[in-house]
Structure formats: structure tokens, C-alpha cells
Amino acid sequence: MATFYEFGLDHQVVRAVTEMGFSEATPIQTATIPTALEGKDIIGQAQTGTGKTGAFGVPLINRIKTEEDHVQALILAPTRELANQVSESLIAFGKYKGVRTVVVYGGQDMRKQIRDLKRKPHVIVATPGRLMDHMRRKTIRLQEVETVVLDEADEMLNMGFIEDIETILKEVPTERQTLLFSATMPKRIEKLAQTFMKEPELIAVKAKEVTMENIEQQYIELAERDKFDALCRLIDIHTPELAIVFGRTKRRVDELAEALAKRGYRAEGIHGDLNQAKRDSVLRKFKNGLIDVLVATDVAARGLDISGVTHVYNFDLPQDPESYVHRIGRTGRAGKSGVAVTFATPREKDHVKAIERLSKKKMTKREMPSFEEAIEGQQQLALNQLRSLIADGGADAYRQAAKELLQESDATTALAAALKLLTKEPDMTPVRLTAEAPLRAKKRREGGGSGAGKPYRQRRGDDRRRSQYRGKDSGRRQSSQGRGGQQRKAKHHA
Ligand SMILES: Nc1ncnc2c1ncn2[C@@H]1O[C@H](COP(=O)(O)OP(=O)(O)OP(=O)(O)O)[C@@H](O)[C@H]1O
Ligand SMILES: [Mg+2]
């Protein structure tokens, strides 16, 4: 692996990445940075969490001419959260070089965006829908763009952004560099590449498996009605630092978040029907550990880099195997390890097989977790909390009381009672979840060439669709910061 000095980058760029804690380039960065610096087109594929943002972002920032005032690079991302995150990385890479980066996405105040755009940014990060709005209003000029990046290109196709991308690229000079990145490259990407790119170099970091080997993958075959208890027990057993639970639909996510809150978990939901302010605040709370469980549709599956996500639960199977790879890739990032557990009803067995075929990795079958295992998990948590408090010596004020107690009972009895009080026993509060129909068996498309015949999925969660949802969700969801908040909080001090 190379250090960032070896690429011949501007010293300000090297200084910025070093400050970000990047001491060595990751394999995809080592493979793409020199080629990208030459201005060549690249299709870059590497596993989730292996630094693709830096792989396109560092050379892109390096090529910016800060003495010129026009937009020189454009990055498109499928979701607003991802656009935001990518712009944060680019701002950090360009910090010392003085590169101005602006992010534009739907659901954000248009006037503020227009003000930002007047500051003559060098780099724009955008979701396609909102970018098109600005193009129509002529608040963005793309005539001198030299580099275009499509991050999560396959997802933008899935979301039906293809026509938008075509329209956008018509505004950008054909004499440009185009970079396309994702952890998954379904065949139909080839067609996109043929249309929009010039002799792209395919740079794929070869790995035995498509998913990361440091993610432990399990699945449980269970009945739909057992899913919720299984989820609660798993959370009790695993005691994740942060966990993401994926549900298939927006209603499902709302119901799950509410049900988890009812049972005392600090959980909230995120999906495309929520307004942007709500989406932002839920994500912020999750990043700051104010909630431990994020319940999400696939809006959170692509690209989001949240440190501390130790567990991913697929409460419902994803629509396609690629989504599985991205969902579980929210854990096990940047060399860390993670656990992913997938629920499948007996009728969904074929989908599990399809996932395993794509990921080139077998999931380990696990039995339905028992009530006893859940208690044991929580007991361990209580024990660990005690241990760390003992190590910290933070309970001095309680010594006198402890001495008095020990005159009344023996040490084991006293400690056992304290542990029982500290242990959160499984909560069986009844909850209501609308049953989800099993995923339908898909017609197998073998040898489908460039994916012809497979219709692109319907748009979901994108900018343009938003308007028709406005107002629909108001008041439907209750705050899930329920009474359980306090009980759960202790974990973060452990
Ligand atoms: N060279 C590096 N050294 C150390 N950490 C790095 C390096 N490059 C990236 N990282 C960190 O690794 C994490 C994952 O990076 P990034 O989000 O770019 O992954 P990705 O490959 O785009 O994943 P995904 O497929 O999920 O989008 C980030 O937290 C990032 O800061
Ligand atoms: Mg990424």
C-alpha cells in the first residue's frame, strides 16, 4: 500500500488527508488515484467501506484550479444524506488547498442554496433532481465542468435517474473525465458506461467475496409473526453500540420504530416520506448516540458512513441482492468488524440463495434466539457496566451503604440483587405490526446480457417524488423517544 506522498499530490491535499487519519491509501485508492490524476475515465469497484470516496475525491480535489472561479467538478449521488456526506469529505480534502465545495439536494431551502452557489464553488455535490431544478433556473453553470463523478451509479439507475443524468451530462462538455463508483456493478452499468464514458478503465479491487470478510453474516428462518420478538432478543443479546434495522416499506419502518420504542429501545425511523429536517435530525441523533437503533428503508443503505454501527438487521429481505451488499456494508467499515443478521420466512429461501450467489459467501444459519439468551445478554451488559465502574472507582459515595448492606446479607446475595436490578429483562409489551407479504419469487434471468428485460425499479425516495408526499406524513408518527430512553442510556457509559 502506498502513502499519499507517493502519488505526487499537492502538499495541501496530503496534509488534509493526513489530518483525517489516512496514513496509507486503501487498495482502491492506490489503484485509482494515479489513473484519475491523469484525467482518465474510471469505473471503480471495491467493497463497502473501503474508501471509494477518497479514491475519486482526492484526485478530483487535486485537479481543481483554485485560481479559476467556475464549477470544475460535479458529483452526483442518489440520496440527500449521501450527497451531504460526500460533500463533507470533499470539503475536508480541499481544506488547505482552498477548494470551495457546495452541496445541493431536494428538501433544502432553495434561497440558501442559491446564495451558496453565488460564492463561486469549484465543486458541486448534488442529487440529480435538485441539480436539474438549478439548471432550469440557471443558478448553476456546468459548461466548464471537467470532471463528473457518479457515486453509487447503479443505485441512480435503480431509482430511475437515468434520464436526469442524460439531461445533466448534455450540459457538461463532452471533453471531460467521468468517474463511476460503486461496490456493486450490475451488467446494466456497462450500457451506461458505453453511453457516457470514454474508454473507461475498469478498476476492480479483486476480492474473493463481494461483501466484506470482516462482517459476520447470519440468517434466521422464521415465521413473519416471530420477527419482532427475534429482533428484540437479538438486540438484547448483541447489545450493539449502534444498530441499523432495515424494513421493506415506509409504513413498515414507522411501525417498527414505534414498536421498538414501546419496548424501551431508543429507536427512530428514517425514510423518504419524512421531511428533510426530520431526516437530518434522526441521522444526527443516531451519529451522536442519542438513539441506538436506526430503522430505515434503503435510503440509508447506500454509502452512509457512520462509525459505531456494529450490527445490521435485515428485518425484511431486500428487493434485490445488490441492496443486501450495501445494507450490511453499513457495518464493518474501515477495517472494523460487524455482524449482520437477516430474517427470511420459509417462502423466501430462494432469495437468500440469490443473495449468497451474488455475495459469493454463505450466511451462517442461526436458530431463533431464545428468551433465556436475551436475559443472559442483558446480564452480561449489566456485569460489564459494573466492571467498568469498579475499574473507574466511580462509586466511592456508595461505599458506606455497601458496608451496611454487607452486614445484613452475604456478598453474593447482595451483588446478585444489584445485578438483577441492573439487568433489563426482556420486555414483552404487545406491539402491532402489519404483516408484510413475503418477497415474491423472481423469474430468474440467467445470462441476461446487459440486463435487458429487467425493468428498472420504480423511483424511490428521490427529489422529484417528494412533492406528492408532502403533508401526508404529518402527525402520523409519534416521537419514539419513549420511556425506555433512560434504561438504555446506561450502555453508553459502559
Ligand atoms: N486511506 C484511508 N485510511 C484510513 N481510513 C480511510 C481511508 N480512506 C477512507 N477511510 C475511511 O473509511 C471509511 C469508509 O470510506 P468510504 O465511505 O469512502 O467507503 P466506500 O468505499 O465509499 O463505501 P460504500 O461502498 O459503503 O459507499 C470512512 O470513514 C473513511 O474516512
Ligand atoms: Mg461510498
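Visitor: Which strands does helix α6 lie across, and at what angle does it run to β3?

Guide: In this predicted model, helix α6, residues 128-137, lies across β2 (73-76), β3 and β4. Its direction is at about 105 degrees to β3.

Visitor: How are the strands of that sheet ordered, and what is the pairing?

Guide: As a general idea, strands of a sheet pair through backbone hydrogen bonds, either parallel or antiparallel. Here the sheet is open and has seven strands, in the order β3-β4-β2-β5-β6-β1-β7, with parallel pairing. The edges are β3 (101-104) and β7 (201-204), each of which pairs on one side only. Ignoring direction, neighbouring strands of this sheet are turned by 15 degrees against each other on average.

Visitor: How many bridges join β3 to β4?

Guide: Four bridges join β3 to β4 (residues 123-126), and the two strands run parallel. To find a pair in the model, start at V102, whose bridge partner in β4 is I124.

Visitor: Which strands does helix α2 touch?

Guide: Helix α2 (residues 27-37) packs on this sheet and touches β1 (42-45), β6 (177-182) and β7. The helix direction makes about 170 degrees with that of β1.

Visitor: What is the strand order in the sheet that contains β8 to β14?

Guide: That open sheet of seven strands reads β10-β11-β9-β12-β13-β8-β14, and the pairing is parallel. Its edge strands, each paired on one side only, are β10 (267-270) and β14 (364-365). Within the sheet, β9 (residues 242-246) and β12 (residues 309-314) are joined in the parallel sense over five bridges. I244 is opposite V312 in β12.

Visitor: Which strands do helices α10 and α11 touch?

Guide: Helix α10 (residues 227-238) packs on the sheet against β8 (215-221), β9, β11 (293-296), β12 and β13 (338-344). Its direction and that of β13 make an angle of about 165 degrees. Helix α11 (residues 250-262) also packs on the sheet, touching β9, β10 and β11; the angle between the directions of α11 and β10 is about 170 degrees.

Visitor: What domains does the assignment give?

Guide: The domain assignment gives domain 1 (4-205), domain 2 (209-369 + 429-434) and domain 3 (372-422). The centres of domain 2 and domain 3, taken over C-alpha atoms, are separated by 33 Å. Six residues from domain 2 and five residues from domain 3 make the contact. By class, the side of domain 2 that touches domain 3 consists of two nonpolar, two polar and two charged residues.

Visitor: Why does ligand 1 lie between two domains?

Guide: Both domain 1 (4-205) and domain 2 (209-369 + 429-434) give residues to the shell around ligand 1, so the ligand lies between them. There are 20 residues around ligand 1, of which F22, G51, K52, T53 and A334 come nearest. Helix α3 (residues 52-63) supplies the largest share of the shell, three residues.

Visitor: How do the residues of the shell divide by class?

Guide: Five are nonpolar, eleven polar and four charged.

Visitor: What does UniProt list for residues 2-30?

Guide: An unreviewed UniProt entry lists "domain: DEAD-box RNA helicase Q" for residues 2-30. The record also lists "short sequence motif: Q motif" for residues 2-30. In the model, residues 2-30 are 45% helix and 0% strand, with the end C-alpha atoms 6 Å apart.

Visitor: Which residues does the annotation "domain: Helicase C-terminal" cover?

Guide: According to the unreviewed UniProt entry, the annotation covers residues 214-376. Over residues 214-376 the chain is 38% helix and 21% strand, and the end C-alpha atoms are 25 Å apart.

Note on methods: Residues are numbered from 1 along each chain as its sequence is written. Chains are lettered from A and ligands numbered from 1 in the order in which they are written. This is a predicted model: local features need pLDDT of at least 70, side-chain atom pairs count only at pLDDT 80 or more; totals for chains, interfaces and linings use all residues. Two strands pair if DSSP finds at least two bridges between them. Two residues are in contact if their C-beta atoms, placed from the backbone, lie within 7 Å. Axes are lines fitted to C-alpha atoms, for helices over the stretch in contact, and angles run from 0 to 180 degrees between N-to-C directions. A residue is near a molecule or strand if its C-beta atom, placed from the backbone, lies within 6 Å of it. Ala, Val, Leu, Ile, Met, Phe, Trp, Tyr, Cys and Pro count as nonpolar, Asp, Glu, Lys and Arg as charged, and the others, Gly among them, as polar. Domain bounds come from an automatic or database domain assignment. UniProt positions are given in the numbering used here, feature names are shortened, and annotations may be inferred rather than shown by experiment.
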